[in-house]
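Hi,

Here is the structure I said I'd pass on. Have a look at it first, and then read my notes underneath.

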Amino acid sequence: MIEFKEVSKKYDTTLAMDRVSLTIADGEVFGLIGHNGAGKSTTIKNLVSIIEPSQGEIQVDGKTLTKDDLETKAKIAYVPDSPNMFLNLAAGEYWELMRVAYGISVQDAQAKIEEFTYLFALEGKQNHLIKSFSHGMRQKVFLIGALLVNPKIWVMDEPMTGLDPQAIFDLKQRITDHAQAGNIVLFSSHDLNTAEELCDHIVILRQGQVKYDGTVEQLKRDHDNASLEKIYLDMIKQYDQADTQTATSEAGDQ
Ligand SMILES: Nc1ncnc2c1ncn2[C@@H]1O[C@H](COP(=O)(O)OP(=O)(O)OP(=O)(O)O)[C@@H](O)[C@H]1O
């Protein structure tokens, strides 16, 4: 289980997360939805310990995340939104880095690398530098890194971006299977059709605040079974209009 308890994150003057509280249960595919700048990546980066909350705490299976708690960190694999890291490593060197960091045996890793390079059509590319790959191929290298170590919690920042249709199809299946086995998959997405299709539980973020936290099913039931895309866009529009009205009346008061 993952719990965010009143987590805020401030970068200089920007409040990127504003008292975010949420609980993600084992077995859930969890989606973070929101416009550009809503706070999705910040939420994810706090969970994978790239940054630390300014306030509040995050618990994984009841243990508060701390910098040096390697046991808890080892439960989480992260696929970043921008696959432009480790560019001077070969794909195989990156996977070896992941294998050693997560303490996976050479035999297990080799078997999985064979399976996943076949699945994602990267066979024979192990010795190629990541910088020689296209955006989608780089994304696949990071996905294979996460699937290879296969911890309980997969955290993926816009994982489908840049993938070809076959890879998207295969990844969706892996995500569903991983959650159905009692694990957690948390991902952010701008593709609301994918979120609607995959997620048991979603959170809609706007300007760092949680605007909806619940099941897709419930949200649709409450909105005449409209698509998640329509419900989301209508909801954000209403908040934008309310903000405009407040700003106009405040300007009128001055
Ligand atoms: N390193 C940083 N320094 C200063 N401000 C930042 C930093 N990272 C993010 N922000 C700000 O925090 C807010 C939330 O950004 P975040 O990257 O979490 O949004 P996001 O929902 O992931 O957006 P996108 O969909 O564009 O990836 C934005 O206003 C952004 O400008």
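Let's start with a pair of residues: L32 stands opposite S188 in strand β8. Keep in mind as you read that this is a predicted model. The pair belongs to a parallel pairing between β3, residues 29-33, and β8, with four bridges in it. β8 also pairs with β7, which covers residues 153-157, again in the parallel sense, and here there are five bridges. In that second pairing, I153 has I184 of β8 as its bridge partner.

Now for the surroundings of β8: is this strand buried or exposed? It runs over residues 184-188, and five of its five residues are buried, so the rest of the structure largely encloses it. You can check that face by face. In a regular strand, side chains alternate between the two faces of the sheet. For β8, one side has I184, L186 and S188, the other has V185 and F187, and all of them are buried. In other words, both faces of this strand are covered.

There's another sheet to find. It is an open one made of four strands, in the order β2-β1-β4-β5, and its pairing is antiparallel. Which strands stand at the edges? They are β2 (14-24) and β5 (63-64); each has a single partner strand, so one side of each has no neighbour in the sheet. If you want to look at one edge in detail, try β5: it pairs with β4 (residues 55-60) in the antiparallel sense, over two bridges. One residue pair to click on there is Q59 with its bridge partner T64 in β5.

On to the helices. α3 takes in residues 91-102 and α5 residues 135-149; their axes come within 9 Å and cross at roughly 30 degrees. Angles under 35 degrees count as roughly parallel, and α3 and α5 are therefore roughly parallel to each other. The crossing of α3 past α5 is right-handed.

Which residues meet there? From α3 you have A91, Y94, W95, M98, R99 and Y102, and from α5 you have V141, I144, G145, L148 and V149. Sorted by type, the residues of this contact are nine nonpolar, one polar and one charged.

Next, two backbone oddities that I'd like you to see. D12 has a phi near 45 degrees, which is a positive value in a residue other than glycine. You'll find D12 in the loop between β1 (2-11) and β2. D12 is exposed, as 4 other C-beta atoms lie within 10 Å. F86 is the other one I picked: its phi is near 55 degrees, again positive in a residue other than glycine. F86 sits in the loop between β6 (76-79) and α3. How does F86 fare for burial? With 18 other C-beta atoms within 10 Å, F86 is partly exposed.

Last, a quick stop at K73. This residue lies in helix α2, residues 70-73, and is partly exposed, with 19 other C-beta atoms within 10 Å. A count of 20 or more would make a residue buried. If you'd like a distance to try out in your viewer, take K73 and T117: they are 44 residues apart in sequence and 25 Å apart in space, from C-alpha to C-alpha.

Have fun looking around, and write back with any questions.

Cheers

Conventions: Residues numbered from 1 in each chain as written. Predicted model: local features only at pLDDT ≥ 70, side-chain atom pairs only at ≥ 80, totals over all residues. Axes fitted to C-alpha atoms, helices over the stretch in contact; angles between N-to-C directions. Parallel < 35°, antiparallel > 145°, perpendicular 65-115°, else oblique. Left-handed = near helix turned anticlockwise from the far one by under 90°. Contact = placed C-beta atoms within 7 Å. Nonpolar A, V, L, I, M, F, W, Y, C, P; charged D, E, K, R; others polar. Buried ≥ 20, exposed ≤ 12 C-beta atoms within 10 Å, placed from the backbone. Pairing = 2+ DSSP bridges.
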